Amino acid sequence: MIEWTEEARTRQGLYRFLGTAMRPPGAERFALLSSAWVLLDDRDLDTYAFSPVWRRFGDVLMSGGSIGDREVEYVRLFGVGMAGTPATPTESYYRVPQRDGGIADFISTLQREYRSMGLKPVGTAETPDHISTELEAMSFLCGVEAEAWQGGHDRVAMDTLAHEAKFLSGHLAVWVPVFASRTRDADPGPFYGPLLDLIHAFVVHEADLVRMIVKRRALI
Amino acid sequence: MTVTVVACGDHPRIPIDGTGAVIVDGLCTDPGQIRDLDLPWDKVVAVVHRNQHHLPDVQKALRSVDVDPLGAQILSVNGDTDSSALRVAIAGLRARADAFKLTAPEHAKPVFPKEVTRRGFLKPPIPAYVSAPKVDHGTCAADGGCRACVDACPQGAYRWQAGRIAYAKDACIPCGRCVTTCPTGAIENPAVAPEMLEAQIRALIGAAETNVGIRFVCSRGSIDGADGWTDVTVPCTSMVPGSWLLGCLLVGAGAAHAVPCSESGCPLDLDASAIQANDLAHAVLAESGLDASMVVGELVHQPLVCDSIADPFSSGRAAEVMLAIAATAELEIDVRHPAANTGVVALDPMACTLCGQCAKTCPTNSLVEFYDDTTVTISFDAGTCVNCTQCVSACPEISRGAISVTGRIDSALLAAGRQTLNEGEVAVCEICGNVIAPATMMGRIGDILGEEFEATMAVLGNRCIDCRGRR
């Protein structure tokens, strides 16, 4: 099961990479992202449909660019500005349009899901439905899956894959395409445009691929 | 954009001379080596040997040089392929690849080998990708009640949920029927975009030295070549409407035919649709006094002497195709056929209450409901009707035969423009004078409710919603 372990580790890394890229920009964070990109790019990603956008984002990341410009871009796109937020990076914005007490219900349901994964809410900068938190949660699940494959616990690994499929189809795959489209409409500039293209392609691909693997395994 | 043609050099019997292809030794067995070739990699046609290549590896190699594999045309040939046929086929695929537009992430559907074994799960499966449809909810008419894709899909991949179409990619095969059935062209599969097919067919006709027959074949099957015929691959020939066959004749083909799945070994086995498409095209040609044998899949003839038509394969173009055939024949035609993708709607004034549900549902606005101060009118334009029958599904008086749709190609009606099908008076508010609803509809509601609700109906039928509480 070495290949399954390796694949789960790659996916774990990709989720963490994307989750980190969607957190507020900083010099240290970009240095970390650049190193992580080089490591992940070694993992034969051309096998997967999202690899061209992965490379395009890598080119942008490696080309440097001003941290200050990215900070401005981040706040303009995802923060609260004078003209509102062009692309809100939180799931509840898209799932609870009436913006009333439903948001609290939605967040508490999401937190229950995190607890069912074995995660405990602690004080973080981002809300539980922020894109970086959800991507980080998926990264955690992939890590659990990798441990299970490595330990020879196939059933636990497949159950974790099923959990991943459920979280993807219930959350990320539902709202990320809309969020990415809003970001594109807001003229996102040279960094966040390619990043959102990558997150969109990766999340849609993951939702399809993981669902297919789970479905296929059930046939045995 | 440049289209690069590469051909596997491991099979010297593949006659690629004169095709402009770059020979790559080992393309079938080790496609990854294309990364080392200094070629323009915008768009690609790859000629590989049938059953000798592994699709996921070819797609991976294409991705590594930034080519979208869903737009790359992969031609699998065997050693017996005739050189001039190969030259023509490559010219067609070059044009098809060139007309390819970018895909969205939703278009890539990962697929795995069919066999599922325990041993196969020792390693993660490497997916191949096929191009899947995507619904553009902005142009989709589901909010008006249209369910044409739901009705057309043989796999149940579409569901109508509260005015929105939900699509399950994992259930989709994909066969392409939704793409050609969607009345508004809201479902797009970039691998079979109408402009790609048109580019390919025109290039095939242009490259051939003799008259050429266009044969639509399923991508899942394969058939032996036949004299004068050249293949255009589609996901499944059940997606091919009769108007496409006639469209091929209008752009210069000497014959056109949709090969039923069972003849090409396509496992979907949706023969009826392709057979009906051929039959419809045959009936139209026969009615027009043109050579109907042009669509039976045998001999290739001289092309029709006609004005070429632009864009014959796009959604909603069937009426133009039929009118162009009638113009070529210099005859009026009137053909009734269940597979026609033009239709004629009739309303029975004795049963129709003018409620307008048919017009609200009509995805192409072929049926339109119009109110003025005293009357309501439902009108119909045959030139935009696609025979989707969604109006029939929406009609609340269908049990009384209020509406019917006939698959019909009537050149006089197609050219006639908008015509009134039914009209009647409207009930008007006795206080403010605003229109309440069609009088026949209020009468019908009164009939259903009966005498017990006479007093209620007296209010509902005489006062608008704003004036009902007034004294």
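These legends walk through several close-up views of a predicted model with chains A and B.

**View 1. Chain A is built from helices.** If you are new to this structure, chain A makes a friendly starting point: its secondary structure comes to nine helices and zero strands. Follow the sequence and you read α-α-α-α-α-α-α-α-α. The radius of gyration of chain A is 17 Å, close to the 17 Å that the globule rule gives for 220 residues, so chain A is as compact as a globular protein of that length. Along the principal axes, the C-alpha trace of chain A spans about 55 × 45 × 30 Å. Of the 220 residues in this chain, 43% count as buried. Now look at who touches whom: among the contacts in chain A with a separation of 6 or more, 66% are between residues 24 or more positions apart.

**View 2. Helices α8 and α9 of chain A pack against each other.** Here we zoom in on α8 (residues 154-185) and α9 (residues 189-218) of chain A, whose axes come within 8 Å and cross at roughly 150°. Angles over 145 degrees count as roughly antiparallel, and α8(A) and α9(A) are therefore roughly antiparallel to each other. The crossing of α8(A) past α9(A) is left-handed. Sort the residues of this contact by class and you get 19 nonpolar, four polar and five charged.

**View 3. Helix α9 of chain A also meets α3.** Stay with α9(A) and bring in α3 (residues 51-62) of chain A: the two pack at an angle of about 155°, with their axes 9 Å apart. That makes α3(A) and α9(A) roughly antiparallel to each other, and their crossing is left-handed. On the α3(A) side, look for V53(A), W54(A), R56(A), F57(A) and V60(A). Facing them from α9(A) are P190(A), F191(A), P194(A), L195(A), D197(A), L198(A) and A201(A). The residues of this contact split into 10 nonpolar, no polar and two charged.

**View 4. Chain B mixes helices with strands.** Over in chain B there are 14 helices and 20 strands. The C-alpha trace of chain B spans about 90 × 60 × 35 Å along its principal axes. Chain B has 471 residues, and buried ones make up 50% of them. As for contacts within chain B between residues at least 6 apart in sequence, 70% join residues at least 24 apart.

**View 5. Helices α6 and α9 of chain B cross at a slant.** This close-up pairs α6 (residues 242-250) with α9 (residues 318-329) of chain B; their axes come within 10 Å and cross at roughly 50°. Roughly parallel would need an angle under 35 degrees, and roughly perpendicular starts at 65. The two helices α6(B) and α9(B) are therefore oblique to each other, and their crossing is left-handed. From α6(B), the contact uses S243(B), L246(B), G247(B) and L250(B). From α9(B) come A318(B), V321(B), M322(B), A324(B) and I325(B). By class, that contact has seven nonpolar, two polar and no charged residues.

**View 6. Three loops of chain B hold backbone details to look for.** Start in the loop between β9 (164-167) and α4 (177-181) of chain B, where P174(B) sits. The peptide bond leading from I173(B) to P174(B) is cis, with omega near -15°. Next, find E330(B) in the loop between α9 and β14 (334-336) of chain B. Phi of E330(B) is near 55°, a positive value in a residue other than glycine. E330(B) has 8 other C-beta atoms within 10 Å, and 12 or fewer makes a residue exposed, so E330(B) is exposed. The third stop is T389(B), in the loop between β17 (375-381) and α11 (390-394) of chain B. T389(B) has a positive phi too, about 65°, although it is not a glycine. With 17 C-beta neighbours inside 10 Å, T389(B) counts as partly exposed.

**View 7. Chains A and B come into contact.** For the last view, turn to the place where the chains touch: the contact takes 20 residues from chain B and 22 residues from chain A. On chain B's side, α1 (55-64) and β5 (108-111) each supply at least two residues. By class, the residues on the side of chain B that touches chain A divide into 10 nonpolar, one polar and nine charged.

Technical notes
Residues are numbered from 1 along each chain as its sequence is written. Chains are lettered from A and ligands numbered from 1 in the order in which they are written. This is a predicted model: local features need pLDDT of at least 70, side-chain atom pairs count only at pLDDT 80 or more; totals for chains, interfaces and linings use all residues. Two residues are in contact if their C-beta atoms, placed from the backbone, lie within 7 Å. Helices (H or I, at least four residues) and strands (E, at least two) are DSSP runs, numbered from the N terminus. Ala, Val, Leu, Ile, Met, Phe, Trp, Tyr, Cys and Pro count as nonpolar, Asp, Glu, Lys and Arg as charged, and the others, Gly among them, as polar. Axes are lines fitted to C-alpha atoms, for helices over the stretch in contact, and angles run from 0 to 180 degrees between N-to-C directions. Angles under 35 degrees count as roughly parallel, over 145 as roughly antiparallel, 65 to 115 as roughly perpendicular and the rest as oblique. A crossing is left-handed if the near helix is turned anticlockwise from the far one by less than a right angle, and right-handed if clockwise. The radius of gyration is taken over C-alpha atoms; the globule rule is 2.2 Å times the number of residues to the power 0.38. A residue is buried if 20 or more other C-beta atoms lie within 10 Å of its own, exposed if 12 or fewer, and partly exposed in between; C-beta atoms are placed from the backbone.
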